[in-house]
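Trainee: I would like to take a close look at a single part of this structure, the place where one helix packs against its neighbours. Could you take me through it slowly, in one connected answer?

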Amino acid sequence: MVSKARMSGERSVFKSIFKNVSVLTLGRIANALCSFIYIAVAVRALGLSDFGLLILIHSLASTGSVLSRMQSWQTLIRFGSDSFSSNDTDLLHRVVHFCIRLDTLSAAFAIAFGLVGVQIYGHTANWSAHVRFLADLYVCVSPLMYSGWANGILRMAGKFHLVPIIDSCAAIAKTFGVLLGYILHLKLGYFLFVWAMTIVIDYGFYIYYALDILHRKFRFRYFRAFRHWRWQIPGMWQFTRAASINQTLGNISGHVATLVVGTGLGPAEAAVFRVCRQIADGIVTPAQLISPVLYPELVRMRDRQDWRGLKRVTWKMFGVLGGLSIVLLLLSAFFGSTIFRFLLHVHVHHTSLYISIMLLAAVFSLLVIPLEPLLIVVGHVKFLMKNRTAVMAIYFPALYVLTRHFGLAGACLSTAACNATILLSQMLGVWFFYDRIGKAER
C-alpha cells in the first residue's frame, strides 16, 4: 500500500510538472514567434552594426542587473512554502518582507554596477558620447529586469498560467514598437526605448499579480516590508548568499561572453554570437521551463520527507531531458542556418557550425536542470557556489584568448566546454552526496 501511494504521489508530481511546463511553453512559443519578427525587423532598420550596439547596451544593463541579484525567489520558496500552504500569515509576511528588502537593495546596486560598466566598456570600445549617453539612460531600467520575490510568489502559488500572459503581452508590445520604428525609419535611441518599455511592462505585470495573490489570501501590504530590516530565519541569509552567487555566475556568463566577443571582434560579430546563442537557447527553451516548475515540487517533497520520491523524480527528469537533447541536436543540424538567415537577413559563413556548437552548450546546460535543484533542496548549495566559481574563473579568460585567436568558433567552443565542465562536476556532486540525502542534509 505504501509503495502504491508513493507511486501515485510521483505520478501526481510528474503530472503537475508537465502540466505547468506546457502552460509556460505557450508563452515562450508566442515570445519566440514575436522575437523572430522583431529581431529581423530591427536588423533591417538599424543594420547589423547598430543592432550589435543595441545588443551590447542591453547586455551591459543586464550584466549590472544580474551581478546585483539576490535569488529572493529561491529563498522565498525554500523558507515560505510551508507557511504559504498552512496559511501561517505572520511567518509568510516576514519571509516575503525579507525578500522584498533583498530585491530593493539589488535594484540600487544594479544601477551602480550598470553605470560603472557603461563607462568602462564604452571607453574600451571607443563608443561616442551619444552612444554612452543612451547606454546610461538604458541602465535606469536594469532594476526592473528582475522580479525575484514576485516571481517566487507566482511559482509558490502554482499560478504558472499567468506567466505566458505576461510574456505574450511584453513580446507583442515589443513587436509593435519595432515595426513602428521600422516604418518611421527611427534610430538606435528609439529601439532602446522600445526594449526598455518592454522591461517595464513585464515587471509591472509580475508585481501586480504577486501583490494581488498576497492581498487576497494574506491581506498583505507592500510598504510594511521596510519596517524591520534585521529580521531573518536562522540560515536564511547564508542560503541566499550561496544560491545568489551560484545563480549569478550562471546567468551572467551569457552577457559577459557577448561583451567579450564585442571587445575582441566588434559589435557586428557580437550580434552574430548573441543571435546564435539565442537560437540555441530558443530551441531548448521548452525543456528549460522544467527548472522553475521542478524546484517548488522538490521543496514540497523535502517538506514531506519523501527522499526516495525526490531522487526518483530527479533521475526520471534527467532521462527525459537526455532523450530530448538528441532530438534537439538533430534539429539544429538541419534548420539552424536557415533560422539565422531569416533573423538577420544576412549571410555569415559557418553559422551552422556556430549554432550546432552553441546548441551543444545549451544541451549541457539543459542536463544540469534536474541536478542543481536537487543539490539546492537537500542543502548542498555551497558546493554549487564553489563549483561554479571555479569554472567561471577559468571560462572568462579562456573565452577572451580563444576569441582573439579563433574568432567566433573559439567563443562557441569555450562556451560549450564551460557548460560541459559544470555538468560533469554537478554529476560528480550528486554521486558524492547521493547516499546522504535524507540523512545529513539538514
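**Helix α5 and its surroundings**

Mentor: In this predicted model, the structure holds 3 salt bridges, and one of them, between D90 and R94, will serve as our way in to the part you asked about. The closest N and O atoms of D90 and R94 are 3.4 Å apart, and the two residues are separated by about one helical turn because they stand 4 residues apart in helix α3, which covers residues 89–124.

From helix α3 we can move to helix α5, since the axes of α3 and α5 come within 8 Å and cross at roughly 145°. On the α3 side, this contact is made by L92, V96, C99, I100 and D103, while α5 contributes G148, W149, I153 and M156. Sorted by class, the residues in the contact of α3 with α5 are 7 nonpolar, 1 polar and 1 charged.

Helix α5, which spans residues 148–156, also packs with helix α2, residues 72–85, at an angle of about 40° and with the axes 9 Å apart. An angle of that kind makes α2 oblique to α5, and the crossing of α2 and α5 is right-handed. If you follow the contact along α2, you will meet S72, W73, L76, I77, G80, S81 and F84, and these face G148, W149, G152, I153, R155 and M156 of α5 in the contact. By class, the contact of α2 with α5 has 7 nonpolar, 5 polar and 1 charged residues.

For comparison, look at another pair, helix α8 (residues 236–265) and helix α14 (residues 381–433), whose axes come within 9 Å and cross at roughly 5°, so that α8 and α14 are roughly parallel to each other. Their contact has 21 nonpolar, 7 polar and 3 charged residues.

Finally, keep the confidence of the prediction in mind as you look: the chain averages a pLDDT of 81, and 82% of the residues score at least 70. Confidence is highest in helix α4 (residues 129–139), at a mean of 94, and lowest in helix α11 (residues 307–344), at 68. Where pLDDT is low, the predicted coordinates should not be read in detail.

Conventions. Residues are numbered from 1 along each chain as its sequence is written. This is a predicted model: local features need pLDDT of at least 70, side-chain atom pairs count only at pLDDT 80 or more; totals for chains, interfaces and linings use all residues. Side-chain values use heavy atoms; hydrogens and water are left out. Axes are lines fitted to C-alpha atoms, for helices over the stretch in contact, and angles run from 0 to 180 degrees between N-to-C directions. Angles under 35 degrees count as roughly parallel, over 145 as roughly antiparallel, 65 to 115 as roughly perpendicular and the rest as oblique. A crossing is left-handed if the near helix is turned anticlockwise from the far one by less than a right angle, and right-handed if clockwise. Contact means heavy atoms within 4.5 Å. Ala, Val, Leu, Ile, Met, Phe, Trp, Tyr, Cys and Pro count as nonpolar, Asp, Glu, Lys and Arg as charged, and the others, Gly among them, as polar. pLDDT is the predictor's confidence in each residue, from 0 to 100. A salt bridge is a side-chain nitrogen of Lys or Arg within 4 Å of a carboxyl oxygen of Asp or Glu.
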